[in-house]
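Take a walk through this protein, one piece at a time. Keep the structure open beside the text and find each element as it comes up.

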Amino acid sequence: MKLTSKAAYQEAWAEALNSPEAFWDKVAKEYSWHKPWDKVCSGDFNSLDIKWFEGASLNITENCLDRHLETRGDKTAIIWEANDPNEKEICLTYKELHADVCRFSNVLKDQGVQKGDRVVFYMSMVPELLTGVLACARIGAIHSVVFGGFSAQALAGRVNDCEAKIVVTCDEAFRGGKTIALKAITDEALESCPGVEKVLVRERTGAKVTYKEGRDHKLMELLKDASTTCEPTEMNAEDPLFILYTSGSTGTPKGLMHTTAGYMVWAGFTFENVFQMEENDTYWCSADIGWITGHSYITYGPLLKGATTLMFEGVPTYPAADRFWDVIDKYKVTHFYTAPTAIRALMACDIELVRKHDLSSLKVLGSVGEPINEEAWEWYHKEVGKERCPIVDTWWQTETGGIMISSLAGVTESVPAHATLPMPGIQPLLVDAEGKEVSGSPAEGNLCIEKPWPGIARTIWGNHDRYKETYFTTYPGRYFTGDGAKRDSESRYRITGRVDDVINVSGHRIGTAEVEDAINEHENIIESAVVGFPHEIKGQGIYAYVICQDSSKIEGENIQKELNAHITKMIGPIAKADCVQVVSGLPKTRSGKIMRRILRKIAAKDTGDLGDISTLLNPEVVDEIKKGAGL
Ligand code: PRX
């Protein structure tokens, strides 16, 4: 259902609100099903047994691939651009992609993978990551992609949590001018993962890596000999499709589980309506498949809608800071979707790097992952979109499966730094700290969602209580996003950022508790408190306050290096601290809770009023911390 006018959007929003069953019934009928549903939706945010299209059966890959073979078989499905611009690209038509996915499916089956088994992918952005994910979906295995920047320990934690039977990796990854030793990291991780039976290795750099007899196999050799036909496994609507780990305020990363039919309908519907592509357009989302954006808007969304989707192995600054513009020019990209952090980084470079490229193919620009500031929005609009292209600022989360609040390109209005309007099926509401709805407009509050939508994650893998506790207990009966938002006088939303203990660094979600755990592992650290602070390029940076056992042992820059080495080992380089301050104590309430509000203000070099500190157990540390921070 493509909504191509503002009136159609408004009508759809109202219909999805008033008659959700009839509305989603219509949307879902666009796809192929083995068996139709008995009931469109059931369950709510109290019972938390949410189900969509119950009773139906399908296979999502038939909708991504087989369904297009007759009409679009020879159309390019995927364009793969290598890290090195001199390496030849790979283009696969829908027919070829279908054959490759079948090959991979047969390899997985030969390796003993069965319906419901978990397969972890720890790879760089090679075509086999995308075909592998789809192969899992074809045979009913559950994929869990772990971003290639995570450490051995982080990988092991995820592999064990989902009890994966098989891990697919590369010998090494190319990443700009560097390589990442993915297989060596996998080997280290698997020392503590006894459940893994097989490892498939996609050779990429040709580095010499060790192969463990019986366990490890060369993926490309297996694929070469595999058959190009594989009947899709019939899946129930609520059978799991994938698990994706993300960080929260507390504890270890959570494995959000998405199921088949609802996710499919949501990914397809949001992709079609937000981006408004035409048949011959070329779409490029610069995310990594290791994150939800790469699942919904490189893989499933575009393929469900028969689009041409570009997959990029490299980074925006390699070999030079005009790589994005070069790729857009090379493939005449029409729809470009990236993160504010990339925009800010590129905006700081010589403007000629943008201007020397022909970007006239562009029609629509997208932003995702973090709030986009006005300056970055204006620059993107003017220098990249040449003031011709609408910008869709898409707010959503790993948990939501797809875009929740965004303008529809060229259909509803784009407003600088505003995500704007909810998708049909989404009822956002703002609540105050007590959980009371803040009605009217303009307004500001914590962002909640009133009712289930098809794409919501159904549970946290293996821990339904944690799912309930994390999202539905702060404001009972509502889904709490963890974000704050403002609503303007025309009911358009602007997301202001996380209001919990999650930091958004370059669009990556980092839990402060995870970083603290890593820091506290250091033998010389007694306690730590980690907060976010405004960072010009990354959006937020990581600021760590630490109490040392013996501060004479590690001082100055050394401590930052040592702690970052620890963080890199336990989580990965993306969680490194930008600033470390040694303190003698942390401001605590009488009940022993760290007053992060104060630490956030100091980290932000905010010299204003710190609020009431008289209730602190140790108010004297505040002055010391301020002094130490140079305030
Ligand atoms: O804080 C919001 C921010 O990213 C968080 C979700 O992160 P993740 O699950 O990793 O998914 C990122 C890609 C969808 C949100 O809670 N966020 C995401 N998009 C936006 C955003 N903040 C402001 N504006 C956005 N467009």
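Strands β16 and β17 run parallel to each other, joined by three bridges. In this predicted model, β16 covers residues 282–285, and β17 covers residues 308–312. Find threonine 282 to see how they line up. Across from threonine 282, in β17, stands threonine 308.

Now look at where the side chains of β16 go. Thr282 and Trp284 point one way. Tyr283 and Cys285 point the other way. Both groups are buried.

Next, place this pair in its sheet. Strands of a sheet pair through backbone hydrogen bonds, and the pairing can be parallel or antiparallel. Here the sheet is open and has seven strands, with mixed pairing. Read across, the order is β5-β4-β17-β16-β18-β19-β20. The edge strands are β5, residues 90–93, and β20. Each of these edge strands pairs on one side only. From one strand to the next, the twist averages 20 degrees.

Which strand does β20 pair with in the parallel sense? The partner is β19, residues 364–368, and four bridges join the two. Valine 368 marks one meeting point: threonine 394 in β20 stands opposite.

Threonine 394 leads us to the ligand. A polar backbone atom of threonine 394 is 2.8 Å from a nitrogen atom of the ligand. Glutamate 370 also uses its backbone: an N or O atom there lies 3.3 Å from a ligand nitrogen. Arginine 498 uses its side chain instead, with a polar atom 2.7 Å from an oxygen atom of the ligand. How much of the ligand does the protein cover? On its own, the ligand has 540 Å² of accessible area, and the protein covers 96% of that.

Step back to the whole shell around the ligand. There are 17 residues in it. Asp393, Thr398, Asp483, Arg498 and Arg509 come nearest. Sorted by class, the shell has six nonpolar, six polar and five charged residues. Three elements each supply at least two shell residues: α10 (292–304), β20 (391–394) and β25 (493–498). So β20, an edge strand of the sheet, also helps form the shell around the ligand.

Now turn to another set of strands. Strand β14, residues 240–246, and β15 are antiparallel partners, with six bridges between them. Tyrosine 245 has glycine 255 of β15 as its bridge partner. β15 also pairs with β23, a strand of residues 459–460. That pairing is antiparallel too, with two bridges. Here methionine 257 stands opposite threonine 459 in β23.

Is β15 itself mostly covered or mostly open? It spans residues 254–259, and six of its six residues are buried. Its side chains split into two groups. Lys254, Leu256 and His258 point one way, while Gly255, Met257 and Thr259 point the other way.

Finish with a helix. Helix α11, residues 323–331, is mostly covered, with seven of its nine residues buried. The buried residues are Arg323, Phe324, Trp325, Val327, Ile328, Asp329 and Tyr331. Just after the helix comes lysine 332, which takes a positive phi of about 55 degrees.

Terms used: Residues are numbered from 1 along each chain as its sequence is written. This is a predicted model: local features need pLDDT of at least 70, side-chain atom pairs count only at pLDDT 80 or more; totals for chains, interfaces and linings use all residues. Side-chain values use heavy atoms; hydrogens and water are left out. Buried means under 20% relative accessible area, exposed over 50%, partly exposed in between (1.4 Å probe, protein chains only). Two strands pair if DSSP finds at least two bridges between them. A residue is near a molecule or strand if one of its heavy atoms lies within 4 Å of it. A polar contact is a pair of N or O atoms within 3.5 Å; within protein, one must be able to donate a hydrogen and the other to accept it, and residues adjacent in sequence count only if both atoms are side-chain atoms. Accessible areas come from the Shrake-Rupley method with a 1.4 Å probe; for residues, only the protein chains shown count as cover. Ala, Val, Leu, Ile, Met, Phe, Trp, Tyr, Cys and Pro count as nonpolar, Asp, Glu, Lys and Arg as charged, and the others, Gly among them, as polar. Axes are lines fitted to C-alpha atoms, for helices over the stretch in contact, and angles run from 0 to 180 degrees between N-to-C directions.
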